[in-house]
Amino acid sequence: MTDVSPFSNLSHRHKMVIYTALLIGMFMAVLDMQIVATALPTIAADLGNLDLFSWVGAAYLLTTAAVMPFYGKLGDLFGRKQVFMTAIVLFVIGSLACGMAWSMQSLIAARVLQALGGGGLMITAFGVLADLFEPRERAKYQGYSSAVFTVASIVGPAAGGVISQSIGWEYIFLINLPVGIVVILILAFGMPSIKTGRRPSIDYAGGLLLAGAVTATVFWAEEAMGGGYGGVLLYVLPALAILAAIGFVLVERRAVEPILPLRLLTNRTIALSLLMSIVAGVATLGMLNYFALFLQTVTGLPPAYAGLLFLPSSVGTLAGSIWTGYMMARTGRYKAYPMLSMGLGVVVMLLFAQVNAATPLWAIGVLMFFFSVSIGLQMQTLMAAVQAAAPRADVGAATGAIGLARMIGASLGLAANGGLLTAGLLRGQGTISEATLATMPAPMTEMTPAAIATLPAAAAQEVVQVFGSAFTGVFYFAAGLFAVGFMLSLLLQDVKLPSRAPVPVAGE
C-alpha cells in the first residue's frame, strides 16, 4: 500500500479550510506567549505578589516544553483531529481560568492548564500539515505558516499593552474563547477523522521521564540565567535531568509505542536536524531577548526606537521562511538552506560585534533583518526534512521531537547568553575608574538604560564601553555556535523531497 497523505482525496478548497483553522489555532498559542509580556506589570499591580512575576511566563514555557513530545505521539496513535481538538479545548478552558484568576498563584495555575493545550496546538498543527500535503507541497505551506509567528511577534506586545490599559488585562486571555470556539467548530465539521489502525499503548513511563528531564533542564536554564535559585539546586537539577534522560532511554528501548522512538535517532537526517535545531535555538531564539538591552545600552536608543528595529527582524523571518518553502516546493532540495542559514548567522554575529553608538540606525536595521532571515532559512526547512525522513506512522513523534529541541535550545540560549553577559559585566567593573564607580547607583550587573542616563557624560561613556565589551563576547559565542551549525549542515545528505511520499519497502 502506498504511504500517501490520508487527506489526498480532499479538494484543495477543503484543505485550505482546514489549513486556515490550524493557522488560527497556532496563532492563538504563539500570541499568548507574546501578549502577556507587556500586560504583566498591570497584572502584578492588580493581583500583587510581585515576587511571582516571572512565573507567569515560566509556567507556560515549562509546561509547553514538557507536553510537546506527548502530543506528537498521541497524534500518531489516536489521530490528529481528536488530539488537536482536545488541545484547543484545554487551551480555551485555560484561557477562561486565566481571565477569572483572583491571585497570582491562581493565574500561574491557570497558565499551566492553558499550556497543556497550547503545547499541543503547535506540534499537532504541524503534524496535520504533514497529513494534508505531500512532502514538496508541505514545505511551501509550512513556510507560509511562519507568518503566524511574525504577526504574533508584531501584534502581541502592542495588543497586550492596549487591552490591559483599556478594557482590562483579563481580556488578553478571554479573547481566546470566541476564536477557539470557531476553530473547534470548523475542525469538528470540516476535518475528516482518520483511523490510525494501531492499538493505542500509551508510554506513560517514557513520557513522564522525558517530561522530567526536559522540565529539569528548562527550569535550570531559566533559574541559572535569572539567579532566582542558587546553591545546591544548580547542581541537583542537572543531575536529575541526566538520570531522567538515562531512565527514558532504558524505558523507550522496551516500550511497545515509545513516546520518542529511538529508531528515529538512528536516521542521519533526523539526528542532524535535531542537533542543528538545538544549536540554532541557542544562537537565535536565545539571542533575541538580549537585542533590546544591547540596543538601549550600547547604542543609546530609547525603547521606542529600539522596538522599531524589531520590525525588520519580523519581516526577515517571514521572508526567509516563505522563500525557502517556495524553493523547496519547486526543486525538492533543502540542504543548501540550513547551510546558508548558519553561514549567514556567522557573518551577522561577527558584524554585530562591531556595532557601537556611532553605528547608523539603517546598518543596525539591516543586521537585524539578516539575522532573522537566517532564522527563517532553517526553521521550516529542518521541520520539512525531519517529517520527510520519518515514516508516516512516526511523523507526529518526529515533529514533537524537533519542537522540543528548539525549546531546549532557546532555554539553554537564555541561560548561556545571560551568564556570558553577567561574567563580562563583572570583569568590566574591575576596569572602571573610582570616579565613575562613585556615581553609579548600582553594580554593573544591575545597571539599566535608565540608570545609565542619569550618569555624567564621562561616566556613562565608560559604563557603555563595559556593556559593549560584554556583548562582544556574547556575539562571538553566537558566531561560534552558528559555525558549529554550519559544520553539521555539511553532513546532511543532499536528498530530494519526492512529490509524493514513497512506497514503503517490505521490512522497513
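A residue counts as buried here when its relative accessible area is under 20%. That cut-off comes up again and again in what follows, starting with helix α16. This helix runs over residues 395-429, and α16 is mostly covered, with 26 of its 35 residues buried. From its first C-alpha to its last, α16 reaches 51 Å, close to the 51 Å expected at 1.5 Å a residue.

The model is a predicted one, so a word on confidence fits here. The mean pLDDT of the protein chain is 80, and 88% of the residues score at least 70. Among the elements, helix α14 (residues 336-352) has the highest mean pLDDT, at 93, while helix α12 (residues 303-308) has the lowest, at 67. Over residues 501-508 the pLDDT drops below 50, and this stretch has 10 contacts in the model beyond near neighbours in sequence. Where pLDDT is low, the predicted coordinates should not be read in detail.

As for the overall picture, the protein chain holds 19 helices and 0 strands. Of its 508 residues, 53% count as buried. Contacts often link distant parts of the sequence: among those with a separation of 6 or more, 84% are between residues 24 or more positions apart.

Two more helices can be checked for length. Helix α7 covers residues 176-190, and its 15 residues should span 21 Å at 1.5 Å a residue; the end C-alpha atoms are 21 Å apart, so the two values agree. The buried residues in α7 include N176, G180, V183, I184, L187 and G190. These residues cover an arc of only 165° around the axis, and therefore sit on the same side of α7. An α-helix has 3.6 residues a turn, so residues three or four places apart point the same way. Helix α14 passes the length check too: it has 17 residues and reaches 24 Å from end to end, C-alpha to C-alpha, close to the 24 Å expected. Its buried residues are Y337, P338, S341, M342, G345, V346, V348, M349 and F352.

Next comes a pair of helices that meet. Two packed helices are described by the angle between their axes and the distance between the axes. For helix α13 (residues 310-331) and helix α15 (residues 361-389), the axes come within 6 Å and cross at roughly 35°. The crossing of α13 past α15 is right-handed. On the α13 side, the residues making the contact include F310, P312, W323 and M328, and α15 contributes M368, F369, L377 and Q380, among others. Glycines take part on both sides, including G316 and G320 of α13 and G365 and G376 of α15.

Helix α15 also holds Q378. With a relative accessible area of 4%, under the 20% cut-off, Q378 is buried. Leaving aside neighbours within four places in sequence, Q378 is in contact with A280, T284, S341 and R406. One of these partners, S341, is itself among the buried residues of α14.

Back at the start of the chain, I43 sits in helix α1 (residues 12-47). I43 has 0% relative accessibility and so counts as buried. Its contacts, not counting residues up to four places away in sequence, are G48, L107, W169, I172 and F173. I43 and L107 are 64 residues apart in sequence, yet their C-alpha atoms are 9.6 Å apart.

Further along, P192 lies in the loop between α7 and α8 (204-226). At 27% relative accessibility, P192 counts as partly exposed. Its C-alpha atom is 9.3 Å from that of L10, although 182 residues separate the two along the chain.

The last stop is towards the end of the chain. F467 lies in helix α19 (residues 457-490) and, at 2% relative accessibility, is buried. F467 touches T297, V298, L425, M444, M447 and I452, with residues up to four places away in sequence left out. The C-alpha atoms of F467 and L293 are 9.7 Å apart, across 174 residues of sequence.

M447 turns up again in the contacts of P441, alongside A451 and L455, with the same exclusion of residues up to four places away. P441 is found in the loop between α17 (434-439) and α18 (449-453). Its relative accessible area is 57%, so P441 is exposed. From P441 to A451, 10 residues apart along the chain, the C-alpha separation is 7.2 Å.

Definitions and conventions
Residues are numbered from 1 along each chain as its sequence is written. This is a predicted model: local features need pLDDT of at least 70, side-chain atom pairs count only at pLDDT 80 or more; totals for chains, interfaces and linings use all residues. Side-chain values use heavy atoms; hydrogens and water are left out. pLDDT is the predictor's confidence in each residue, from 0 to 100. Helices (H or I, at least four residues) and strands (E, at least two) are DSSP runs, numbered from the N terminus. Contact means heavy atoms within 4.5 Å. The expected span of a helix is 1.5 Å times one less than its number of residues. Buried means under 20% relative accessible area, exposed over 50%, partly exposed in between (1.4 Å probe, protein chains only). The arc is that of the directions from the helix axis to the C-beta atoms. Axes are lines fitted to C-alpha atoms, for helices over the stretch in contact, and angles run from 0 to 180 degrees between N-to-C directions. A crossing is left-handed if the near helix is turned anticlockwise from the far one by less than a right angle, and right-handed if clockwise.
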